[in-house]
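Work through the exercises below with the sequence and the structure open side by side. Each task is followed by a solution that proceeds step by step.

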Amino acid sequence: MKPLSAVMPALTLTLIFGLSVLPTAAIADTVSLPMDTLPNRITLPNVSLVNSALANRGAYVARSADCMACHREDYSGGVPIDTPIGNIYSTNITPSTRYGIGNYTEADSKKALRKGRAPNHQIYPAMPYPSYHGLTDDDVSALFAYFQTVPIVDTPP
Ligand code: HEC
């Protein structure tokens, strides 16, 4: 258990961030639209753009685990990580099916985050999956839900 003082900055950021992922327009849209008119990518189980406890928890986990430090605030990637074998660039982890992780299943996310295995390649440890090995199933489910709600960036990192 971390002392509260260590957790507080993350909590504060999450509160700010949690609010920032809910633009007013999106709230208005979603409230006035029945579920079946929403785009496919946010009709997955437990994921809605607004007020999904799971996705909001995912935003908290992402902020606490500092994914954006390497993948950028918009998760579009392209940040060079200096390693003894040269720079390794972070990837686009938005739900883009072409450039991001839009084709990931929840099981794929678990393997990638905890074991460093992407669906068709081994991930370099510049992505700190050894540190994420202890993420619980619930944490990864929450991250998975949250990353469905992140705006797509359809460009290569
Ligand atoms: C210390 C920097 C760093 C942090 C922090 C980090 N990543 Fe990464 N991540 C990387 C790098 C670098 C790669 C690319 C590795 C490669 O090309 O093999 C990567 C790759 C990935 C991939 C594989 C994408 C693909 O190509 O299939 C996923 C998924 C991912 N990161 C998710 C996350 C999530 C979620 C978090 C937060 C929980 C996170 N990362 C935190 C650096 C980081």
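Helices, of at least four residues, and strands, of at least two, are DSSP runs numbered from the N terminus. The model is a predicted one.

**Exercise 1. Establish how many helices and strands the chain has, and in which order they come.**

Step 1. Counting the runs gives seven helices and four strands.
Step 2. Followed along the sequence, these elements give the pattern α-α-α-α-β-β-α-β-β-α-α.

**Exercise 2. Decide where the prediction carries low confidence.**

Step 1. Begin with the whole chain, whose mean pLDDT is 78, with 68% of the residues reaching 70 or more.
Step 2. Turn next to the elements, among which helix H2 (residues 24-32) has the lowest mean pLDDT, 42, whereas strand S3 (residues 117-118) has the highest, 98.
Step 3. Finally, mark the stretch of residues 4-35, where pLDDT stays under 50 and for which the model has 25 contacts beyond four places in sequence; over residues 38-47 the pLDDT is likewise below 50, and this stretch has 21 contacts beyond near neighbours in sequence.

**Exercise 3. Describe helix H3 and what follows this helix.**

Step 1. H3 has 13 residues and reaches 18 Å from its first C-alpha to its last, which is close to the 18 Å expected at 1.5 Å a residue.
Step 2. The buried residues of H3 include Ala55, Asn56, Tyr60, Ala62 and Arg63.
Step 3. After H3 comes Asp66, whose phi is positive, near 60°.

**Exercise 4. Identify the residues that touch the most other members of the largest nonpolar core, and the elements that supply this core.**

Step 1. The core holds 20 residues, of which Ala62, Leu143, Tyr146 and Phe147 touch the most other members.
Step 2. At least two residues of this core come from each of helix H3 (53-65), helix H5 (106-115) and helix H7 (137-148), and H7 gives the most, with seven residues.
Step 3. Take Ala62 as a test case: once its neighbours within four places in sequence are left aside, Ala62 is in contact with Cys67, Leu143 and Tyr146.

**Exercise 5. Characterise the shell around the ligand.**

Step 1. The ligand is surrounded by 23 residues, and the closest are Ala65, Cys67, Cys70, Tyr124 and Met127.
Step 2. The elements that give two or more residues to this shell are H3, helix H4 (67-71) and H5, with the largest share, four residues, coming from H4.
Step 3. Sorted by character, the shell divides into 19 nonpolar residues, three polar and one charged.

Terms used:
Residues are numbered from 1 along each chain as its sequence is written. This is a predicted model: local features need pLDDT of at least 70, side-chain atom pairs count only at pLDDT 80 or more; totals for chains, interfaces and linings use all residues. A nonpolar core is a set of buried Ala, Val, Leu, Ile, Met, Phe, Trp, Tyr and Cys residues joined through C-beta atoms within 7 Å. A residue is buried if 20 or more other C-beta atoms lie within 10 Å of its own, exposed if 12 or fewer, and partly exposed in between; C-beta atoms are placed from the backbone. Two residues are in contact if their C-beta atoms, placed from the backbone, lie within 7 Å. A residue is near a molecule or strand if its C-beta atom, placed from the backbone, lies within 6 Å of it. Ala, Val, Leu, Ile, Met, Phe, Trp, Tyr, Cys and Pro count as nonpolar, Asp, Glu, Lys and Arg as charged, and the others, Gly among them, as polar. The expected span of a helix is 1.5 Å times one less than its number of residues. pLDDT is the predictor's confidence in each residue, from 0 to 100.
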